[in-house]
Amino acid sequence: MRSTFSSLLLLAFAVSAKAAAVPTSVHSAIASVAEPDSARRSDFTSFAADTVTTLSAEELEDFAPYTQFARAAYCPSSKLTNWDCGEACEANSGFQPTLTGGDGNAVQLYFVGYWPEENSVVVSHEGTDPTQFLSLLTDANLAQENLNTSLFPGVDDSVWVHSGFADQQALTGPIVLAETKRLIAAKGATTVTLVGHSLGGALAEMDAVYMTLNLPSNIHVKAVTYGTPRVGNAAWASFFDATVPDFVRVNNEKDLIPIVPGRGLGYAHPHGEVHIVSPGDAVACSPDDDATDSACTIATVPNIAVGNILNHLGPYEGIMIGTIFCT
Ligand SMILES: *[C@@H]1O[C@H](CO)[C@@H](O)[C@H](O)[C@H]1NC(C)=O
């Protein structure tokens, strides 16, 4: 499975190149949205509503710093070390990276650091090529496995996740956990924030549970992911819901990655979907990953044929995410 993931990044982004034509005006709009704002202390727990609710413009803007962190994970480690990766880094200019790693091949790129504005450690994982990712997740021979209880102590053996995600999470989990603990001690951080897009979103989802189980209970764990596929089964989703209340997974328009692997294979999403129906128009969805919420992803994209893989890359409220958007 690791070698399968390794191959994902080898292709050039032919697909994403088409989506590169983001108007300059959008970029300047992003810059103004991302201005440091001391009033921004978001807890997204409230988005786990029982009914579909429309987000206000202000609520949508609150995602921008997280979106930029997810975007930055696609940048080379050489640019992240000095937090000099262009717009994505400038948007969170006070961030202090302390660890970068991965090779973008066998191990997805990642970074860890301290975000003074939220007194939070941030861990961000890179995603992967969407078309390759899609074919991997629609493969009829998907492998799944129980969580390793050395890493996830106390998890019930009814819980299983996609083996590729479990393998990737195990490669970096202990490293990012050690750095997170070091930063909590050194900076007095009280929150740990996990972010990621695509495969990186799946890793952030797993890391959120992993961190909660391995950090002191007074540390608040939060996760914000983008275009995340289903990670595991319904038992995983329930366990996640109970373990990580402060969670949002943002899906864009007709992105089809969030509908794979299919529910028919036993996969289920946790709570926390925010669906961007169109730019500026987003809803928070009820937590049950069923098709009853007409504005939410699986009703909008009932099958792969009606999806649009370009929507996987954004725009997430004006912000594109992918290898070619590290500018
Ligand atoms: C579980 O994780 C531990 C700690 O990383 C590792 O030593 C062990 O080999 C893993 N077990 C399996 C079955 O992968």
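## A helix pair: Glu-179 and Arg-182

Glu-179 is buried, with a relative accessible area of 10%. This is a predicted model, and Glu-179 makes a good place to start reading it. The partner of Glu-179 is Arg-182: the two form a salt bridge whose closest N and O atoms are 2.9 Å apart. Arg-182 is partly exposed, at a relative accessible area of 43%, so we have a buried acid paired with a partly exposed base.

Both residues belong to helix H9, which runs over residues 163–187. They are three residues apart there, so about one helical turn separates them.

## Three more to go, two of them here

How many salt bridges does the model have by the rule used here? The count comes to four. Side chains of opposite charge can pair when their charged atoms come close.

Take Glu-87 and Arg-71 next: their closest N and O atoms are 3.1 Å apart in a salt bridge. Glu-87 sits in helix H7 (residues 87–91) and Arg-71 in helix H5 (residues 64–72), so this pair ties together parts that are 16 residues apart in sequence. Buried or exposed, what about Arg-71? Arg-71 is buried, with just 2% relative accessible area, while Glu-87 is partly exposed at 23%.

Then there's Arg-230 with Asp-289, a salt bridge at 2.8 Å from N to O. This pair links distant parts of the chain, 59 residues apart. Arg-230 is in the loop between strand E8 (220–226) and strand E9 (232–233), and Asp-289 is in the loop between strand E13 (281–284) and helix H12 (297–300). Both of these residues are buried.

## Cavities

Asp-289 turns up again in the lining of the largest cavity. That cavity holds about 50 Å³ of space, and the structure has four cavities of 30 Å³ or more.

Which residues line the largest one? Besides Asp-289, the acidic side is represented by Glu-273, Asp-288, Asp-290 and Asp-293. The rest of the lining is Arg-249, Cys-285, Ser-286, Cys-296 and Ile-298.

## Around the ligand

Over at the ligand, the residues around it are Asn-148, Ser-150 and Leu-151. Asn-148 brings a polar side-chain atom to 2.4 Å from an oxygen atom of the ligand.

How much of the ligand does the protein cover? On its own the ligand has 360 Å² of accessible area, and the protein covers 27% of that.

Key:
Residues numbered from 1 in each chain as written. Predicted model: local features only at pLDDT ≥ 70, side-chain atom pairs only at ≥ 80, totals over all residues. Heavy atoms only, no water. Near = heavy atom within 4 Å. Polar contact = N/O pair within 3.5 Å; in protein donor to acceptor, adjacent residues only side chain to side chain. Areas by Shrake-Rupley, 256 points an atom, 1.4 Å probe, with all protein chains shown as cover. Salt bridge = Lys/Arg side-chain N within 4 Å of Asp/Glu carboxyl O. Helix = DSSP H or I, 4+ residues; strand = E, 2+ residues; numbered from the N terminus. Buried < 20%, exposed > 50% of the residue type's maximum accessible area, 1.4 Å probe, protein only. 1 Å grid on protein atoms, 1.4 Å probe; cavity = no way out; pocket = protein on both sides within 12 Å on 5 of 7 lines; lining within 4 Å. Points joined across faces, edges and corners; volume = space filled by probe spheres on them.
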